[in-house]
Amino acid sequence: MNSPYAQELGSFLRARRDRLSPDDVGLEPGGRRKVTGLRREELALLAGLSTDYYQRMEQGREVRPSDDVLDALADALVLDDEERRHLFGLARAVRRRVPAEAGRRPERVPESTRRLLRVMDTPAVVLGRHLDVLDWNPPAQALLGDPAGYEPGRLNMLLLMFDETRTAQRTCPGWEQQALDYIGMMRAAVAGDPTHPRATAIVGELSIRSAEFRRLWARHDVRESVSGTKTFRVPGLGNIDLFWDTYPLPGNPGPVMLVFTAEPDSADADRLRLLGSLRASR
């Protein structure tokens, strides 16, 4: 049976090949095409590989490409720096046959990080490598709601993004982009351990119940460190536009701190302060 690491590498290559057209890489499109992206033989030609060798890689068979082969594939697929690093990470996992138990120790938030959360005056949460919410501060509770009210195992950013009972959030500007960012972070985690029980449980559940998730997951986008903007709709206060950034915490793999901030001296900063004051008064 093909290893899950080789399968993940093959799926990534296939997704990246499908997004390219002959025009993107300077090839003539030729006659009628049955595929939307490049053909396997076209990609193999661009990378200087035999079609059979490349096909075995896409099929997830036990092929262990050299760094030179990976460089050629990255160039042929027009990968950006982040995607190139992801490709090399996937291939190296295939080579070394990473033990299935690697990195499966329980995730814990360092006490120093908990203290930092408590003194921060802007919303912040700590996310595990599979986007489970491990800790949060009072401003985050005011903005996102009380995480303590969720059932065990449900407090996960991806599960919340695609929760059918929270459909109103999907009308917020930028919802799909943030969903892609979270999915890209999960993709990076899956690359290191494709059979991790938590990853397979989350991806499996969402793949079954959400066509939207299946569509975005199939893109094979990957994110290492993420930042962006998000609009929150808060009853009684209206929209609050915030920046968000992720900061890695100690550990390999380790959790990350997700921090929301407002533009200084802006209406959004005023609304965020008012939200905190309303929560404190309750």
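Visitor: Are F232 and F260 buried or exposed?

Guide: In this predicted model, both F232 and F260 are buried.

Visitor: How is the geometry of an aromatic pair to be read, and which arrangement do F232 and F260 form?

Guide: The angle between the ring planes decides, and over 60 degrees counts as edge-to-face. F232 and F260 form an edge-to-face pair, with 5.3 Å from centre to centre and 80° between the planes. Because F232 belongs to strand β3 (residues 227-234) and F260 to strand β5 (residues 256-261), the pair ties together parts 28 residues apart in sequence.

Visitor: What lies over the face of F232?

Guide: K230 does, at 5.1 Å from the ring centre.

Visitor: How does one read the sheet, and in what order do its strands stand?

Guide: Strands of a sheet pair through backbone hydrogen bonds, either parallel or antiparallel. Here five strands form an open sheet, ordered β2-β1-β5-β4-β3, with antiparallel pairing. At the edges stand β2 (133-136) and β3, each with a single partner strand, so one side of each has no neighbour in the sheet. From one strand to the next, the twist averages 30°.

Visitor: How many bridges join β1 and β5?

Guide: Strand β1 (residues 124-127) pairs with β5 in the antiparallel sense over four bridges. Within this part of the sheet, V125 stands opposite L258 of β5.

Visitor: Which helices lie across these strands?

Guide: Helix α6 (residues 111-119) lies across β1, β2 and β5, running at about 50° to β2. Helix α9 lies across β3, β4 (238-248) and β5, and runs at about 15° to β4.

Visitor: How should helix α9 itself be read, in length and in burial?

Guide: An α-helix has 3.6 residues a turn, so residues three or four places apart point the same way. Helix α9 has 18 residues and reaches 27 Å from its first C-alpha to its last, close to the 26 Å expected at 1.5 Å a residue. This helix is mostly covered, with 14 of its 18 residues buried.

Visitor: How many aromatic pairs does the whole structure contain?

Guide: A search finds five. One of them joins F162 and F213 edge-to-face, at 5.4 Å centre to centre and 85° between the planes. F162 lies in the loop between α8 (157-161) and α9 (175-192), while F213 lies in helix α11 (residues 211-217), so this pair ties together parts 51 residues apart in sequence. Both F162 and F213 are buried.

Visitor: Which residues form the aromatic cluster with F162 and F213?

Guide: W175 and W217 complete that one cluster. The charged end of R187 sits over the ring of W217, 3.7 Å from its centre.

How values were computed: Residues are numbered from 1 along each chain as its sequence is written. This is a predicted model: local features need pLDDT of at least 70, side-chain atom pairs count only at pLDDT 80 or more; totals for chains, interfaces and linings use all residues. Side-chain values use heavy atoms; hydrogens and water are left out. Rings of Phe, Tyr and Trp (its six-membered ring) pair if their centres lie within 6.5 Å; planes under 30 degrees apart count as stacked, over 60 as edge-to-face and the rest as tilted. Helices (H or I, at least four residues) and strands (E, at least two) are DSSP runs, numbered from the N terminus. Buried means under 20% relative accessible area, exposed over 50%, partly exposed in between (1.4 Å probe, protein chains only). A charge sits over a ring if NZ of Lys or CZ of Arg is within 6 Å of the ring centre and within 35 degrees of the ring normal. The expected span of a helix is 1.5 Å times one less than its number of residues. Two strands pair if DSSP finds at least two bridges between them. Axes are lines fitted to C-alpha atoms, for helices over the stretch in contact, and angles run from 0 to 180 degrees between N-to-C directions. Contact means heavy atoms within 4.5 Å.
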